Amino acid sequence: MYRYDQYDHLIVNERVAQYRDQVRRRLSDELIEDEFRILRLQNGLYLQRHAYMLRIAVPYGLLASRQVRMFAHIARKYDRGYGHFTTRQNIQFNWIKLEESPDILAELATVEMHAIQTSGNCIRNTTSDELAGVAADEIVDPRPYAELIREWSTFHPEFAYLPRKFKIAISGSAEDRAATAVHDVGLHVIKNDAGEVGFRVLVGGGMGRTPILGSVIREFLPWKHAMSYLEAILRVYNQYGRRDNMYKARIKILVKAIGAEDFARQVEAEWQDIKDGPSTLTEEELQRVAHYFTAPDYAALPAIDTEFEQKKATDKAFANWLKRNVKAHKVPGYAAAILSLKKTGVPPGDITADQLDFVADLADRYSFGELRVTHEQNLVLADVKQSDLYALWEEARSHGLATPNIGLLTDIICCPGGDFCSLANAKSIPIAQAIAERFDNIDFQHDIGEIELNISGCINACGHHHVGNIGILGVDKDGAEWYQVSLGGAQGNQSSIGKIIGPSFSAHQMPTVIDRLLQVYVQQRIEDERFIDTVRRIGIAPFKDFVYATPIKADHAIGEDVCA
């Protein structure tokens with residue numbers, strides 16, 4: 001993974017010193033809150049309902065074990081013993097004291113981490129595929145390009161004050177696991193007929209008040225022009241993006257207003273002036289960065305391990321975990337194992353300090369000291385020997401990290417919601433917990449099959465509810481918390497935006513609403529058809545009709561599987 005050079009160390013340490021002085025001036029009232037707000041946001045510090053929240057950048061979701069141990073230390077010393085992984089592959093701490101925040105940033109700097117540009121109208125953390133470098137379907141490892149984007153975008157003076165925040169995602173595999181279609185810019189690695197590497201460029205995707213899928217503005221962009229083309233996109237956006245209305249300031253609104261074709265034309269015109277300038281990548285520069293992402297020292301292993309196959313055949317619980325939480329690896333004898341942060345009773349994405357230390361130990365013992373964060377709020381050990389999977393599973397299970405539910409109903413994506421966020425209209429975590437408790441039966445979940453359920457506490461869509469097969473949005477209704485339900489959203493190669501089924505529901509009704517949706521699915525599905533495929537085939541009308549057919553007066557008892 002990437003290691004800081006002398007310039008990185010200097011920049012980050014100077015930023016810590018600068019921020020420490022800003023905090024001193026705020027605490028002594030030399031700065032009022034309105035003056036300080038923009039300064040703290042530049043360093044990832046938000047003021048939420050109960051305390052300050054610090055969001056720490058995890059570039060393209062890649063962590064070293066020493067960095068994970070630092071998170072554990074921060075959780076214990078500065079927070080309440082836990083952290084929360086987000087849909088941008090970052091980590092948040094929700095109970096930070098302002099006077100201690102400079103010390104946290106100073107400690108982060110010792111393990112080559114920071115919180116710069118995790119907030120504000122700037123280029124945010126670039127996200128990528130959690131299986132980058134190991135995926136069996138990978139075309140090209142996207143991590144060197146993601147790192148180049150990080151270096152290019154951090155403190156870029158021209159784009160420090162954009163009309164609104166700006167998010168980039170990059171995927172290097174045949175299957176898009178980075179949700180590129182719902183980002184301001186999505187880059188999907190492809191090869192042309194000559195075998196040359198380049199990018200399909202999507203622009204104008206996003207969720208929030210106006211959910212839109214990105215439009216392809218270039219089918220093939222040679223890799224060496226990635227930075228200059230991004231620069232051209234941002235220049236057009238910076239010049240013409242709306243600054244008079246924050247709700248219409250995202251690039252998706254600009255692209256929608258003028259049309260993708262005209263936007264592409266303007267980008268191409270801007271690009272012609274800079275395409276062969278200083279931002280053009282060279283083979284030497286690409287190799288400089290790619291050097292940090294060379295393959296670890298893999299052992300020569302048999303493709304099939306006899307003892308592993310025997311345990312798989314005789315231990316149902318282990319087999320269930322393998323089916324849902326273990327992914328194919330491009331190197332024979334290895335696998336990628338997902339540690340679920342979705343155990344019933346725990347807020348999705350939350351992890352304790354003890355668990356953080358534990359997964360750091362797992363990374364050292366089983367995966368070359370590295371760990372990945374997914375935008376579904378789980379963790380990945382990407383390089384596990386097949387022969388070690390059983391031992392890993394036993395250890396992870398003992399620490400509540402082996403729930404075999406990846407991609408299933410209780411693998412819920414959920415923002416912190418009204419329990420923490422001052423922007424939220426409603427709580428998200430209690431809804432996620434109520435649904436997880438209602439359907440906490442692994443056999444039932446495996447029978448139902450793949451379903452993506454996403455929950456957001458407000459229209460900002462930090463829980464990505466628009467692209468959930470089932471999406472839940474918290475809304476304010478005369479001062480009370482209610483929940484709007486949508487169906488048919490999806491990420492990946494067949495991305496789609498969900499459609500609202502009708503009037504909103506109260507919190508206590510939500511588990512029964514999900515139950516009724518599942519009943520329609522079970523009745524209507526064909527053989528092993530996935531939930532999203534059934535919705536696309538029959539539409540949302542049958543689901544809507546059944547959900548609203550009779551009033552939902554009260555929730556069923558927790559754990560009652562009326563769909564079984």
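In the predicted model described here, helix α10 (residues 306-314) and helix α11 (residues 316-325) pack with their axes 5 Å apart and at an angle of about 105°. Axes are lines fitted to C-alpha atoms, for helices over the stretch in contact, and angles run from 0 to 180 degrees between N-to-C directions; helices (H or I, at least four residues) and strands (E, at least two) are DSSP runs numbered from the N terminus. Angles under 35 degrees count as roughly parallel, over 145 as roughly antiparallel, 65 to 115 as roughly perpendicular and the rest as oblique, and α10 and α11 are therefore roughly perpendicular to each other. On the α10 side the contact (heavy atoms within 4.5 Å) is made by F308, K311, K312 and T314, and on the α11 side by K316, F318, A319 and L322. Sorted by class, this contact of α10 with α11 has 4 nonpolar, 1 polar and 3 charged residues, where Ala, Val, Leu, Ile, Met, Phe, Trp, Tyr, Cys and Pro count as nonpolar, Asp, Glu, Lys and Arg as charged, and the others, Gly among them, as polar.

Residues are numbered from 1 along each chain as its sequence is written. Because the model is predicted, local features need pLDDT of at least 70 and side-chain atom pairs count only at pLDDT 80 or more, while totals for chains, interfaces and linings use all residues, and side-chain values use heavy atoms, with hydrogens and water left out.

A second helix pair is formed by α1 (residues 6-27) and α4 (residues 101-109), whose axes come within 9 Å and cross at roughly 175°. Helices α1 and α4 are therefore roughly antiparallel to each other. Helix α1 contributes V12, N13, V16, Y19, R20 and V23 to the contact, and helix α4 contributes S101, P102, D103, L105, A106 and A109. By class, the contact of α1 with α4 has 8 nonpolar, 2 polar and 2 charged residues.

Salt bridges, defined as a side-chain nitrogen of Lys or Arg within 4 Å of a carboxyl oxygen of Asp or Glu, come to a count of 39. In one of them, the side chains of R69 and D361 meet at 2.7 Å, N to O. This pair links distant parts of the chain, with R69 in helix α3 (residues 65-78) and D361 in helix α12 (residues 353-366), 292 residues apart. Relative accessible area (1.4 Å probe, protein chains only) is termed buried under 20%, exposed over 50% and partly exposed in between; R69, at 29%, counts as partly exposed, and D361, at 32%, is partly exposed. Helix α3 also takes part in the salt bridge between K77 and E107 (3.6 Å, N to O), in which E107 of helix α4 and K77 of helix α3 lie 30 residues apart. K77 is exposed, with a relative accessible area of 51%.

A salt bridge between strands is formed by E219 and R200, the closest N and O atoms being 3.4 Å apart. E219 lies in strand β10 (residues 215-222) and R200 in strand β9 (residues 197-203), 19 residues apart. The relative accessibility of E219 is 52%, which counts as exposed, whereas R200 is partly exposed at 27%. Elsewhere, D21, R24, R25 and E30 are joined into one network by salt bridges that share partners.

In helix α14 (residues 429-438), the residues I429, I431, A432, I435, A436 and R438 are buried. The elements covering these buried residues include β16 (413-414), β17 (453-456), β18 (470-477), β19 (480-487) and α16. M510 is placed in helix α16 (residues 510-524) and, at 0% relative accessibility, counts as buried. Leaving aside neighbours within four places in sequence, M510 is in contact with I431, I472, Y483, V485 and F505. The C-alpha atoms of M510 and I435 are separated by 7.5 Å, although these residues are 75 residues apart along the chain.

The cysteines were also examined. A disulfide is a covalent bond between the sulfur atoms of two cysteines. With a disulfide taken as a pair of cysteine sulfur atoms within 2.5 Å, the count comes to 0. C122 is in no disulfide, and the nearest cysteine sulfur, that of C462, is 15 Å away; C122 is buried, with a relative accessible area of 7%. The sulfur of C458 is 5.7 Å from the closest cysteine sulfur, in C421, which is too far for a bond, and C458 counts as buried at 10% relative accessibility.
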